[in-house]
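Welcome! Here is a short briefing to read alongside the sequence and the 3D view. Take a look at the structure, then follow the topics one by one.

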Amino acid sequence: MSGPLFPRWTNTVSRLSAAALLAVPAIGIGGLMAYVRSPYVTGQQMPIEQPIEFDHRHHAGDEKIDCQYCHFSVDKSPSAGIPSTTVCMSCHAQVWNKSPYLTEVRKAFFADAPIQWVRVHNLPDFVYFNHSIHVNKGVGCASCHGRVDQMAAVEQFAPLTMAWCLECHRNPEPHLRPSEFITSMTWTPPADKTEAIALGEKLKAEYDVHSRTSCSTCHR
């Protein structure tokens, strides 16, 4: 009587092969999903070289210059506004007016030419975003841009993915703050969870905030 056609160890091989056939696609899909959410794709914490060394730690941190002094249209229009050289020279005509660090600023000012800043937060063209509606409804600058007062050069803080936006749109209360603290870099909600929830609900009613999850909210 002859023995088995295949040795017993081939059973183990067949089981491992079947498991691999199932695991490899799952691992591949999971890896791809993790990759597209990583900073390599979202652009977070990526250093961006600007034409002029502008240290936000000094201006927004040490000097406590309010965000709206430079980004003047943030509460009035879809764009936050890029400061003109006139805004820069309103201070630097008197302060550090001969500093070599500001040579390009002075050149641009006297040539009546804009500084070619490199955009940091750049949403796709098919996404509509309005700064003013968010600011006027209680969303603080730091909620999306992070602690700019601690950045030597501004970098992208949030992933800016659709999932990240929807998380706030579905549950806006935890992201709202009193109007006097909209541009504050240090404001935090109450440590007590009950107080924080109550404040969020109160601000939601005051600002007349509604959850916006319709596609047409951002894709117009």
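Let's start from the outside: the accessible surface of the chain comes to about 15400 Å², and 62% of that belongs to carbon and sulfur atoms. Please keep in mind that this is a predicted model. Of the 220 residues in the chain, 28% count as buried.

**Overall build**

- The chain has eleven helices and zero strands.
- Reading from the N terminus, you meet the elements in the order α-α-α-α-α-α-α-α-α-α-α.
- The radius of gyration is 26 Å, well over the 17 Å that the globule rule gives for 220 residues, so the chain is more spread out than a compact globule.
- If you follow the C-alpha trace along its principal axes, it spans about 105 × 45 × 35 Å.
- Now think about contacts between residues at least 6 apart in sequence: 69% of them join residues that are at least 24 apart.

**A nonpolar patch on the surface**

- Which residues make the nonpolar surface patch of about 740 Å²? They are Ile29, Leu32, Met33, Tyr35, Val36, Tyr40 and Val41.
- Two elements give two or more residues each to this patch, namely helix 1 (9-36) and helix 2 (39-42).
- Helix 1 provides the largest share of the patch, with five residues.
- One residue to find here is Met33, which sits in helix 1.
- Met33 has a relative accessible area of 44%, so it counts as partly exposed, a class that lies between the cut-offs of 20% and 50%.

**Before helix 1**

- Arg8 lies in the segment before helix 1.
- Is Arg8 buried or exposed? Its relative accessibility is 74%, so Arg8 counts as exposed.
- Arg8 and Arg212 are 204 residues apart along the chain, and their C-alpha atoms are separated by 61 Å.

**Two spans from the UniProt record**

- UniProt, in an unreviewed entry, lists residues 44-110 as "domain: Class III cytochrome C".
- In the model, residues 44-110 are 40% helix and 0% strand, and the C-alpha atoms at the two ends of this span lie 35 Å apart.
- The unreviewed UniProt entry also places "domain: Cytochrome c7-like" at residues 127-220.
- Residues 127-220 are 41% helix and 0% strand, with their end C-alpha atoms 8 Å apart.

**The buried side of helix 5**

- Which residues of helix 5 (residues 85-92) are buried? They are Thr85, Val87, Cys88, Met89 and His92.
- These buried residues of helix 5 pack against three partners: helix 3 (56-62), helix 4 (67-70) and helix 6 (103-110).

**Salt bridges**

- Side chains of opposite charge can pair when their charged atoms come close.
- How many salt bridges does a search of the whole structure find? The search finds six, and three of them are worth a visit, among them the pair of Arg57 and Asp55.
- Arg57 forms a salt bridge with Asp55, and their closest N and O atoms are 3.0 Å apart.
- Both partners count as partly exposed: Arg57 has a relative accessible area of 40%, and Asp55 has one of 24%.
- Arg147 pairs with Asp149 in another salt bridge, where the closest N and O atoms are 2.8 Å apart.
- Arg147 counts as partly exposed at 30% relative accessibility, whereas Asp149 is at 13%, under the 20% cut-off, and therefore counts as buried.
- Glu206 forms a salt bridge with Lys202, with 2.7 Å between the closest N and O atoms.
- Where do Glu206 and Lys202 lie? Both are in helix 10 (residues 193-207), four residues apart, which is about one turn of the helix.
- An α-helix has 3.6 residues a turn, so residues three or four places apart point the same way.
- Glu206 is exposed, with a relative accessible area of 51%, while Lys202 counts as partly exposed at 46%.

Key. Residues are numbered from 1 along each chain as its sequence is written. This is a predicted model: local features need pLDDT of at least 70, side-chain atom pairs count only at pLDDT 80 or more; totals for chains, interfaces and linings use all residues. Side-chain values use heavy atoms; hydrogens and water are left out. Patches are made of residues with over 30% relative accessible area and no salt bridge: like charges are joined within 9 Å, nonpolar side chains (Val, Leu, Ile, Met, Phe, Trp, Tyr) within 5 Å. Accessible areas come from the Shrake-Rupley method with a 1.4 Å probe; for residues, only the protein chains shown count as cover. A salt bridge is a side-chain nitrogen of Lys or Arg within 4 Å of a carboxyl oxygen of Asp or Glu. Buried means under 20% relative accessible area, exposed over 50%, partly exposed in between (1.4 Å probe, protein chains only). UniProt positions are given in the numbering used here, feature names are shortened, and annotations may be inferred rather than shown by experiment. The radius of gyration is taken over C-alpha atoms; the globule rule is 2.2 Å times the number of residues to the power 0.38. Contact means heavy atoms within 4.5 Å.
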